[in-house]
Amino acid sequence: MDKRTIKIKKAVALALLKNNRNEEALKELQETEQLQINFYGEDSLQLAKTLKIIGALQLVENNFIDAQRYYSKALKIFEEHGIKAAVTDLKKKIKVAREMREKTLASRPDH
C-alpha cells in the first residue's frame with residue numbers, strides 16, 4: 001500500500017459523500033482509516049482528518065455516540081500536533097453531537 005492508493009481511496013469516499021451515498025462512503029472511509037493507521041501511524045494528521053470526516057458522516061446519520069467517538073479521536077491527534085483551529089472546531093462538533101444525542105433521548109416517549 002502506498003500514499004497514492006490511500007489518497008485515491010479517500011477521494012472515492014468523498015465523491016460518494018457528494019452523491020449522498022453515505023453508507024458506501026462510510027465503508028470506504030473506514031477502510032481508509034485502517035490503511036492510514038497502518039501506513040502513517042495512529043497519531044498522524046492524515047488519520048485525524050479522516051476521523052473528522054467519519055465523525056461528520058456519523059452525525060448526519062444520527063449516530064451521535066459514534067460521531068463523538070470519532071471526533072474525540074481526531075481531537076486527541078490535533079491536540080498532540082498543536083493544531084489549535086482544528087481543536088476548537090472539534091470541541092464545538094463534540095458539543096453539538098452530545099446536545100443532539102441528549103435532545104433525541106429527551107424526545108423519546110419512554111423518557
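In the predicted model, the chain contains 5 helices and 0 strands. Read from the N terminus, the order of elements is α-α-α-α-α. The C-alpha trace extends over about 50 × 35 × 20 Å along its principal axes. Of the 111 residues, 36% are classed as buried. Among contacts between residues at least 6 apart in sequence, 55% connect residues that are at least 24 apart.

The accessible surface of the chain amounts to about 7,100 Å², and carbon and sulfur atoms account for 52% of that area. The charged side chains comprise 22 positive and 16 negative groups, and a distance of 6 Å separates the centres of the two sets.

The interior was examined next. The largest nonpolar core consists of 25 residues, and L51, L59, Y71, F78 and L90 have the most contacts inside it. Two or more residues of this core are supplied by each of α1 (3-18), α2 (22-40), α3 (45-60), α4 (64-81) and α5 (84-106). Helix α4 provides the largest share, with 8 residues. For L51, contacts beyond the neighbours within four places in sequence are made with E33, Y70, K73, A74 and I77.

Helix α4 was then considered in more detail. Its 18 residues should span 26 Å at 1.5 Å a residue, and the C-alpha atoms at its two ends are indeed 26 Å apart, so the expected and computed lengths agree. The buried residues of α4 are F64, A67, Q68, Y70, Y71, A74, L75, I77 and F78. In an α-helix there are 3.6 residues a turn, so residues three or four places apart point the same way. The cover over the buried residues of α4 includes α2, α3 and α5. Two of these buried positions, Y71 and F78, are listed among the core residues with the most contacts, and Y70, A74 and I77 are in contact with L51. Immediately after α4, G82 adopts a positive phi of about 70°.

A further buried position is provided by L26, which is located in helix α2. The relative accessible area of L26 is 18%, and this residue is therefore counted as buried, the limit being under 20%. When residues up to four places away in sequence are set aside, L26 touches I54, L57 and Q58. The C-alpha atoms of L26 and L16 are separated by 9.0 Å, the two residues being 10 residues apart along the chain.

Backbone geometry in two of the loops also merits description. Most residues other than glycine have a negative phi, and most peptide bonds are trans. Against this background, N20 shows a positive phi of about 55° although it is not a glycine. N20 is placed in the loop between α1 and α2. With a relative accessibility of 66%, N20 is classed as exposed, because the threshold for that class is over 50%. A positive phi, near 65°, is likewise found at N62, a residue other than glycine. N62 belongs to the loop between α3 and α4. The relative accessible area of N62 is 49%, so this residue is assigned to the partly exposed class, which lies between the buried and exposed limits.

Conventions. Residues numbered from 1 in each chain as written. Predicted model: local features only at pLDDT ≥ 70, side-chain atom pairs only at ≥ 80, totals over all residues. Heavy atoms only, no water. Core = buried A, V, L, I, M, F, W, Y, C linked by side-chain atoms within 4.5 Å. Buried < 20%, exposed > 50% of the residue type's maximum accessible area, 1.4 Å probe, protein only. Helix = DSSP H or I, 4+ residues; strand = E, 2+ residues; numbered from the N terminus. Contact = heavy atoms within 4.5 Å. Expected span 1.5 Å × (residues − 1). Areas by Shrake-Rupley, 256 points an atom, 1.4 Å probe, with all protein chains shown as cover. Lys, Arg positive; Asp, Glu negative; His and termini not counted. Charge placed at Lys NZ, Arg CZ, Asp CG, Glu CD.
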